[in-house]
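Thanks for coming. I will show the structure and then go through a few residues, the charged pairs, the cysteines and the interface.

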Amino acid sequence: MTFTDTIFFSLLAAVLSLDQMAFCQMLISRPILSALLLGAVFGDIREAALVGVCLELLFVRSIPLKERTAADPTLATAAVLGGIWGSSSSLPASLHPIAAVPFAAALGLLASFLSKWFDLRLRDVNTALFHKLHRVGSVQFTAICALFAKSAGFYLLAILAVQGALPKIMSSLGPAAVPAAAVAWVALFSICVAYASTLLFQGLAAVWWGVGLGLGCAGVVFVRSSALPLSVVSMGILIVFVFHAFGETIRHLRKRPAPRAAAVGEIG
Amino acid sequence: MNPALMKWDIFLKSFLIQAAWNPERMQNVGFLFALRRSLKIVWAGRPDQFEAAIARASSFFNTHPYFAPAVMGVTVHLEKKVADGSIQAELVESVKSRISPPLNALGSLWFWDHLKLLSFLIAMPLLVLREPIPIAAGAALFFCLFNYHHLRTRWVGLSLGMACGEEMVGRLVRFFPSRVLPAIRRTSAFLLGLTTPLAMACLFERLQDRMPHIAGLDTAGRIPDQFYIRLGIGLALVAVSITVIHRRWLSVYQLLAVALALSIGIAQWL
């Protein structure tokens, strides 16, 4: 991506981010959909899908509610994708841009936390607009324009910062860059999945999570190879998980009121 | 203006409900923006009353954006009654402030906590595949599944609100039976568990395509199939991370930072 492409990239990301508050809430600002749209226009939809799935699982709880602002999911996505595609020419030659994703994600998350502060300031601006302007339509229009201008500017700065920092990080790692990226990818994906799973860990849902995990393992082993020991091991994982989960449920169902404390006169 | 046009006017403008969200009166600007033209028609020929209605509409208002059209419909219904003289004007504000908090809670619970995750998890097996067409199909599936419920809620809420006023809450809630929620949670958990190994397998294969150097992690053919080792390591990491996050030893962002630092360290050691 050239510098001009980066500008258009951040403009498109800013348009998508309007969906968070200003317009529709049709979830096109969520990481998965915005990553795929940005990928379809500016790069590779397959790399975008990998990044989008991870970030969607990570941002599963981030929704602006009432006076709380949330970390900006579109900004994190745009910073990661813009960062890896924009700096792909200056990365070390042996490194595919997808290897830089975990490091770009760390920077993108940082930027998306910073954007909370701007959102809070803009909301105060909206209060002032409501008191100053007389036509309600112009309040809406000005507020949307302010939000878009903030997003476009901040996204461009964040993407440029990630593009500048990534080659330095990757080249400072030297020959360790590729294994570091591989291990970091596995860790990133595992942590994202685990975070989404913890949201569902209540009562019977945990049982179903275990059942699904066991079935998934068995399916992967079955498709991959028909090796008997491995199938047995995966079925073992299934059984252990199910029993663990059902044991918890059974304990939960059997929970009885605590035994009555002995009255004073009964002792002795 | 005929009622159908009025309904479409409110429906389309209600998409901008949160555009000028402010800490003082929250969604009041969007609410007023969507209702202004309808109020002008309801109070045609009575400018003083129209001003009073505008003042009522621009007071504090906050609800879930998907349920805002329902409250708008109720407001129009009541304003018509006020214009007839059958009810007091104060009732409009009290009804508005009475029905918006429960609808807010209902919307957060259903849409943000349950339907968003469920529709994403239904689409996720398609999204981790390697060809562009299944990926696009998965994205379309996620978008359509969620937005079918979203748009239906907006339209049905607005229709019910304009037709039957405050009684619409009971009829709207019937679209959201609470006994379905545990089933949604269980289905989401099952789908997430099922997709975890599949997604991890796809991820490893694609990382190997992209970064053939990962084969450098092989310990010189001593381990027959690297794939299962990696899958096991990944699942173990999932289990460890679940424990760490669930017991609140670290937040997810702290855990990510630790994992990044550790992975750099491990790579240097390898």
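Pro101(B) has a relative accessible area of 45%, so this proline counts as partly exposed. Keep in mind that this is a predicted model. Pro101(B) sits in helix α5 of chain B, which covers residues 90–127. Its C-alpha atom is 6.1 Å from that of Thr63(B), although the two positions lie 38 residues apart in numbering terms.

Staying in helix α5 of chain B, there is also Arg98(B). The side chain of Arg98(B) forms a salt bridge with Glu166(B), with 2.7 Å between the closest N and O atoms. Glu166(B) is in the loop between α6 (132–164) and α7 (168–173) of chain B, 68 residues away from Arg98(B), so the link is between distant parts of the chain. Arg98(B) is partly exposed at 45% relative accessible area, and Glu166(B) is partly exposed as well, at 29%. Elsewhere in chain B, Asp9(B), Lys13(B) and Arg37(B) are joined into one network by salt bridges that share partners.

How many salt bridges are there over all chains? The count is 9. Two further ones are worth going through. In chain B, Arg56(B) pairs with Glu79(B) at 3.0 Å between the closest N and O atoms. Arg56(B) belongs to helix α3 (residues 47–57) and Glu79(B) to helix α4 (residues 68–84), with 23 residues separating them. Both of these residues are buried.

In chain A, Lys150(A) and Asp119(A) meet in a salt bridge at 2.9 Å, N to O. Lys150(A) is in helix α6 and Asp119(A) in helix α5 of chain A, so the pair ties together parts 31 residues apart in sequence. Lys150(A) and Asp119(A) are both buried.

Now the cysteines. Over all chains, the search finds 0 disulfides. Why is there no bond between Cys54(A) and Cys192(A)? The closest cysteine sulfur to that of Cys54(A) is in Cys192(A), and at 4.7 Å the distance is too far for a bond; the cut-off is 2.5 Å. Cys54(A) is buried, at 3% relative accessible area. For Cys144(B), the closest cysteine sulfur is across in the other chain, in Cys24(A), and 14 Å is again too far. Cys144(B) is partly exposed, with a relative accessibility of 47%.

One more residue in chain A is Ser29(A), in the loop between α1 (3–21) and α2. Is Ser29(A) buried or exposed? Its relative accessibility is 4%, so it counts as buried. Leaving out residues up to four places away in sequence, Ser29(A) touches Leu16(A), Ser17(A), Asp19(A), Gln20(A), Ser34(A), Pro73(A) and Thr74(A).

Last, the interface. Chain A contributes 88 residues to the contact and chain B 89. Between them the two chains bury about 8,300 Å², with 79% of that on carbon and sulfur atoms. The rule finds 0 salt bridges across this interface, but 10 residue pairs in polar contact, both residues at pLDDT 80 or more. On the chain A side, the elements giving two or more residues are α2, α3, α5, α6, α7 and α8. The largest share comes from α7(A), with 20 residues. By class, that side has 63 nonpolar, 15 polar and 10 charged residues.

That is what I have; questions are welcome.

Note on methods
Residues are numbered from 1 along each chain as its sequence is written. Chains are lettered from A and ligands numbered from 1 in the order in which they are written. This is a predicted model: local features need pLDDT of at least 70, side-chain atom pairs count only at pLDDT 80 or more; totals for chains, interfaces and linings use all residues. Side-chain values use heavy atoms; hydrogens and water are left out. Contact means heavy atoms within 4.5 Å. Buried area is the accessible area (1.4 Å probe) that two parts lose on being put together, summed over both. A salt bridge is a side-chain nitrogen of Lys or Arg within 4 Å of a carboxyl oxygen of Asp or Glu. A polar contact is a pair of N or O atoms within 3.5 Å; within protein, one must be able to donate a hydrogen and the other to accept it, and residues adjacent in sequence count only if both atoms are side-chain atoms. Helices (H or I, at least four residues) and strands (E, at least two) are DSSP runs, numbered from the N terminus. Ala, Val, Leu, Ile, Met, Phe, Trp, Tyr, Cys and Pro count as nonpolar, Asp, Glu, Lys and Arg as charged, and the others, Gly among them, as polar. Buried means under 20% relative accessible area, exposed over 50%, partly exposed in between (1.4 Å probe, protein chains only).
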